[in-house]
Structures are given as C-alpha cells and as structure tokens.
Amino acid sequence: TFPIIDELCAVPDGFIPTSTDGVSRIQGVWTMANSDVFQHIHAREYLYAMENRMGALAAEAGLPLQNMSALSSRVIYRRPSLVGEYFELRCQLFRRKHELLALGSFHSVVEGVADERPSSYLSFSAFIDK
C-alpha cells in the first residue's frame, strides 16, 4: 500500500520523545543551490534537511552521532517547492532503546505564517549503538 500521512506520523509503542520541548521548528528559504533548472526543489534537499535536523536533535539529546546508522526513510511529497519559497521544518525525535525515529514535515511559509497542511512529510529511522 502507498503510505499516507496518518500512518507515517503514528509513533509505535515504546518510543518516547528525546525532548520535552515538543516539536522542533526551524525556518529557511529554498535557493538556487537546492533546485533544478526549472527552479523546482530537488527531492534530495528535503532528505538532506531532515537528516541534518535529525542529527541536530540527536546531538541535543546527548546521543553520539558517530554511533548512528540510518535504517530507512519514507517520504510523502504533496506539493513541490520552488526557489524563493520560505519553509518551516517541524521535527520530533523519539527513542526506544537503540532505535531512533524522527518525524518531520515541511510547511510553506507566506508572510511569516506557516501553512498547517504539510507540503511534504518524512519518517526516518536509525539505529544508535550507545
């Protein structure tokens, strides 16, 4: 079956957030460095941004990044982004023993307000040997 956001955002039993601060939110803007010749943002850019955010959240949780190994990623692209568009990446990191789960979503930002409906949704899992 094809993934749907409701399935991807479900946190399996036993996973707990690594931070009590809730969902981490960072904002940015897509540039030419992120795009193809038609100024569409490359799919890989969402993955890079999510991986970097997952790593930052793991570091903030005191986890050794050098002991982290990626296991899988699932992505739903709902709408492409374009050069010059502002975005908000919302992410939360969960842990169950040696397993990590990061759930993230990209939201378009217009005039400083983030759209509540995500343009892309991502689920990353990793193993950490600590």
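How far is the sulfur of Cys9 from the closest cysteine sulfur, and in which residue does that sulfur lie? The partner is in Cys91, 13 Å away, which is too far for a bond. A disulfide is a pair of cysteine sulfur atoms within 2.5 Å, and by this rule the count comes to 0. The two cysteines also have their own surroundings: Cys9 is partly exposed, with a relative accessible area of 32%, whereas Cys91 is buried at 1%. Here buried means under 20% relative accessible area, exposed means over 50%, and partly exposed lies in between (1.4 Å probe, protein chains only).

Before going on, note that this is a predicted model, in which local features need pLDDT of at least 70, side-chain atom pairs count only at pLDDT 80 or more, and totals for chains, interfaces and linings use all residues. Residues are numbered from 1 along each chain as its sequence is written, and side-chain values use heavy atoms, with hydrogens and water left out.

Now let us go inside. A nonpolar core is a set of buried Ala, Val, Leu, Ile, Met, Phe, Trp, Tyr and Cys residues joined through side-chain atoms within 4.5 Å. The largest one here has 19 residues, and Met50, Met54, Leu93, Leu100, Ala102 and Phe106 have the most contacts inside it. Two or more residues come from each of α2 (43-60), β4 (86-96), β5 (99-110) and β7 (120-128); these helices (H or I, at least four residues) and strands (E, at least two) are DSSP runs, numbered from the N terminus. The largest share, 5 residues, comes from α2. Apart from this core lies another, of 7 residues, including Phe94 and Tyr121.

Next, look at the aromatic rings. Rings of Phe, Tyr and Trp (its six-membered ring) pair if their centres lie within 6.5 Å; planes under 30 degrees apart count as stacked, over 60 as edge-to-face and the rest as tilted. The whole structure has 6 such pairs. In one of them, Tyr46 and Phe106 meet edge-to-face, 5.2 Å centre to centre and with 85 degrees between the planes. Tyr46 lies in helix α2 and Phe106 in strand β5, so the pair ties together parts that are 60 residues apart in sequence. Both residues are buried, and ring pairs link them with Trp30, Tyr77 and Phe87 into a cluster.

Finally, visit Ser105, also found in strand β5. Ser105 counts as buried, at 8% relative accessibility.
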